[in-house]
Amino acid sequence: MAKRPAEELSGEDNALKAGQRPIATEDDDEVGQFEDEFEDEFESEDEIIEAGVDGRPDEERELEEKRDAMEVDPRTFIPGRDKLAEGESLSPDTSTYELLHNLTTTWPCLSFDIVHDQLGDNRKAYPATVYAVAGTQAEGRRASQNELMIMKLSGLSRMDKGNDEDDSDDNDDEDENTEPILETKSIPLPSTTNRIRAYQCPPQNSAKTPTTLTATMLENSDILIHNVNPHLSSFDTPGTIVTPQQSKPLATLKMHRTEGYAIDWSPLVSEGKLLTGDNDGKIFVTVGSEGGKWTPDNRPFTGHQSSVEDIQWSPNERNVFTSASSDGTVKVWDVRSKSHKPAVSVKVSQTDVNVISWSRQTSHLLASGADDGQWAVWDLRQWKSGADDNASASEPKAVASFNFHKEQITSIEWHPTDDSIIAVAAGDNTLTLWDLAVELDDEESSDTAGVQGVPPQLLFVHYMEMVKECHWHPQIPGCVMATGGGGFG
């Protein structure tokens, strides 16, 4: 109901104070005087005491509130930079999130991948649904409990930001404010998972669904390939039973002599083509066939002087891939090379290069993250071929470089549709989002509200304990999923 202006209520007279009655003026003689039946109780206006909401004068109450008020540090707290004092904790400002959910599992899952589903692209409706796969890190006496987890997360509602909406939106809000549901299927694994990646083989005709494969690098150096289609189908088809035979691996690859963390599926080979790198610096290519046979190339690609930490296929060249190593270099390779040596070798860090990400939108851009907390973006067109070892590795200048993080970079990934947005996870318990389109010479964009040491390209900082890996959801715009020691978020 609309409110009337105060002038309409007050008229020409002043508002009455507490305890007062209307007093007739000289012009009111014709009406007569209003007799105050409380005349004996209040002899004059001076005797009226204005009391606060709790019966005490406002000044007294305000002084007490000041004494009891908690001291607030006026500085901006930057996760990853500033340290929490004993007894302090961080809580997210939920008004800045469109979607925020956390879940924990029995064992840590420090590597995972999002599975492309059949619910449509560019989804903005809520509640949201996410399918994913992950590998556990159960150690010691309980290592036998390790498993490959296939997950369906549904009922992921949008954050309630407390905005006053029209009554017409009430029904929509009720549909969106659902309780989150986690459903899982598991496949036993003989060892701890170092890294896991999912891939979908396109169907031979549109009537069939894609075949979802997973490749799991284990601590015992084996690589297991599974078909998880039966497990994913069981979430949406009531009564479906996954047989033990369906949980057996399609292949167990044993060409590595040491464990590794580098693994990637080619996005351009429909039958499946897998890259894996180990701690000895060796890289193997494994190719699938239509008959379900998996054949590794037993002659490895060599050139790194230390462990291969990450590896990625080119998004548009089916024979080209790049690798990152703890020897501080990033190398570019061509699988057609008979020498199995790198075509290009670039020194990008004086410390370990932990992770890399190849832009899907602009294929000449590559991002890297190092052990010293620095991450950078490189223009591959500036890299010169011919250097195939660390001694002769070139050192071109990065297109952009940031040292905001003070601990090792554990994950980095380009936005799937925007070539200026990057997600970065680090050992300082933060996941950050960056916009490289922000220009340094733009006064408005470079304004960081007086906070020192914060680059204007930094969009968002999310605190997450022991965050290890992050991925954009390719079908839900702006949605990032991450995993760490405390679970998923």
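Here are some exercises on the predicted model above, each with a worked solution.

Residues are counted from 1 along each chain as its sequence is written, and side-chain values use heavy atoms, with hydrogens and water left out. Since this is a predicted model, local features need pLDDT of at least 70 and side-chain atom pairs count only at pLDDT 80 or more, while totals for chains, interfaces and linings use all residues.

**Exercise 1. The open sheet**

Work out the strand order of the open sheet of 4 strands, and find which strands stand at the edges.

Step 1: Get the terms straight. Strands (E, at least two residues) and helices (H or I, at least four) are DSSP runs, numbered from the N terminus. Two strands pair if DSSP finds at least two bridges between them.

Step 2: Read off the order, which is 17-18-19-20 with antiparallel pairing.

Step 3: Look for single partners. Strand 17 (353–358) and strand 20 (400–402) each have just one partner strand, so one side of each has no neighbour in the sheet.

Step 4: Check the twist. On average, neighbouring strands here are turned by 20 degrees against each other, direction ignored. The axes behind that are lines fitted to C-alpha atoms, with angles between N-to-C directions running from 0 to 180 degrees.

Step 5: Zoom in on one pair. Strand 18 (residues 365–370) and strand 19 (residues 375–379) run antiparallel over 5 bridges; Ser368 has Ala376 in strand 19 as its bridge partner.

**Exercise 2. Strand 1 and its surroundings**

Decide whether the faces of strand 1 are covered or open, then find its partner.

Step 1: Fix the cut-offs: buried is under 20% relative accessible area, exposed is over 50%, and partly exposed is in between (1.4 Å probe, protein chains only).

Step 2: Apply them. Ser111 and Asp113 on one side are buried, and so are Phe112 and Ile114 on the other, which leaves both faces covered.

Step 3: Find the partner. Strand 1 pairs with strand 2 (residues 128–135) in the antiparallel sense over 4 bridges, and Ser111 is matched with Gly135.

Step 4: Check the loop between strand 1 and strand 2, where Pro127 sits. The peptide bond from Tyr126 to Pro127 is cis, with omega near 0 degrees.

**Exercise 3. Polar contacts of two buried side chains**

List the side-chain polar contacts given here for Asp428 and His462.

Step 1: Set the criterion. A polar contact is a pair of N or O atoms within 3.5 Å; within protein, one must be able to donate a hydrogen and the other to accept it, and residues adjacent in sequence count only if both atoms are side-chain atoms.

Step 2: Place Asp428 in the loop between strand 22 (421–426) and strand 23 (430–435). Asp428 is buried, at 7% relative accessibility.

Step 3: Collect its side-chain contacts: His405 at 2.9 Å and Thr430 at 2.5 Å.

Step 4: Move to His462 in strand 24 (residues 458–463). His462 is buried too, at 14% relative accessibility, and its side chain contacts that of Tyr97 at 2.7 Å.

**Exercise 4. Positive phi**

For Ser221 and His340, find phi and say whether each residue is buried or exposed.

Step 1: Ser221, in the loop between strand 6 (211–218) and strand 7 (223–227), has phi near 85 degrees, positive although the residue isn't glycine. Its relative accessible area is 12%, so Ser221 is buried.

Step 2: His340 lies in the loop between strand 15 (329–334) and strand 16 (344–347). Its phi is near 55 degrees, again positive in a non-glycine residue, and at 7% relative accessible area His340 is buried.
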